[in-house]
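Me: I should like a close look at a single part of this structure, namely its nonpolar interior. Please describe that part in a connected way.

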Amino acid sequence: MNEKKDTIILAFESSCDETSVALVKNGSEVLAQSTATQIKSHQRFGGVVPEVASRHHIEQIIGCLDDVFQETGLGYGDLSAIAVTYGPGLVGALLVGVSAAKALAFAHDLPLVPVNHMAGHIYAARYSAPIEFPALALLVSGGHTELVYMPKENEYQIIGETRDDACGEAFDKIGRVLGLNYPAGKEIDELAHQGKDTFNFPRAMEKEENFDFSFSGLKSAFINTVHHADQIGEKLSKVDLAASFQQSVVDVLSEKTLRALQKYPVKQLILAGGVAANSELRARLKEECSKLSDLALVEAPLKYCGDNAAMIGAAGYVAYKHGVRADMSLNAEPGLEFSWLSE
């Protein structure tokens, strides 16, 4: 029996199309994780179907829970707390994880720690290196594109976000146009490295003074280019299309991030979220950050870039340390957001 010298968090993540449960020690060591992916179930629809996702979570969550306890040999008496994603995400999907976490916390008299899904993405970087503050996080995923300033631990302030499509969402939408399977990000990245930026797609809002993003215009320009070529019988290079699209996204993300770093001097830039796995984005930010003194780039490990419970355990540990607790009235908040930085 563990004497609780260490803080062990049981974490649940069910915000979208991954059912994931993890046991995390001290917010930086994954003792076990079990993740049931739903990608194949959603591929035929070209994206996530909320009702299908919710049903899969119900079917998979107990199996994932059993997996992590069997792998570690731990029991509920070894736990310090239970952490769960309560937003943002698909409301039905979130409710599965929240309900499971609440039931177990009540049954075993354990503290319940609510976790913002995006905080989870940020703290996935703890599996690469300790986070030093102040820090700036570039969060890029299927549903969010945000620049988040973190003056200290467990404090999050948005300084910029997308005004329409998130960049990961744009990747998936143009992937459908290219005939790629959902999710399309990895395949577009691979194709892009075989092509060149010959189409020079727009870099929306790149030079504007704010730190907001927009990818809707880029998506439309891409689709219009492909549709026009189809109408006149012109065959376009798929690899050049992928390279041109990806280059536009990386240029805008890098430009905005570097400008934010000039205004908000920080010790670390954290790159996190599903699109943080993009090799071109990683390479560009690594190159740019190497030119800046007293700044470290911390990237979430590739295996923790997508949705997973390990990241919720890392963020849950930090929240737990700061006394964040929820009672049995905790509910899913699909539109949950960080607050904006007050100038």
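Reply: The following account deals with the nonpolar core and the helix that gives the most to it.

The model is predicted. Its largest nonpolar core has 86 residues, and the residues with the most contacts inside this core are Ile 122 and Tyr 123. Among the helices and strands, helix α8, which covers residues 238-263, gives the most to this core, with 12 residues.

Helix α8 is mostly covered, since 21 of its 26 residues are buried. A residue counts as buried when its relative accessible area is under 20%. The length of helix α8 can also be checked: at 1.5 Å a residue, its 26 residues should span 38 Å. The expected span is 1.5 Å times one less than the number of residues. The end C-alpha atoms of α8 are 38 Å apart, so the two values agree.

Ile 122 shows how parts of the chain come together within the core. Leaving aside its neighbours within four places in sequence, Ile 122 is in contact with Ile 131, Ala 137, Leu 139, Val 148 and Met 150. Its further contacts are Tyr 156, Ile 270, Ala 272 and Phe 338.

A second, separate core has 26 residues. Among them are Ala 36, Ile 61, Ala 100 and Leu 330.

Charged side chains offer a contrast to these nonpolar groups. Glu 51 forms a salt bridge with Arg 55, with the closest N and O atoms 2.9 Å apart. Both residues lie in helix α2, four residues apart, about one turn of the helix. Glu 51 is partly exposed, at 45% relative accessible area, whereas Arg 55 counts as exposed, at 52%.

Key: Residues numbered from 1 in each chain as written. Predicted model: local features only at pLDDT ≥ 70, side-chain atom pairs only at ≥ 80, totals over all residues. Heavy atoms only, no water. Core = buried A, V, L, I, M, F, W, Y, C linked by side-chain atoms within 4.5 Å. Buried < 20%, exposed > 50% of the residue type's maximum accessible area, 1.4 Å probe, protein only. Helix = DSSP H or I, 4+ residues; strand = E, 2+ residues; numbered from the N terminus. Contact = heavy atoms within 4.5 Å. Salt bridge = Lys/Arg side-chain N within 4 Å of Asp/Glu carboxyl O.
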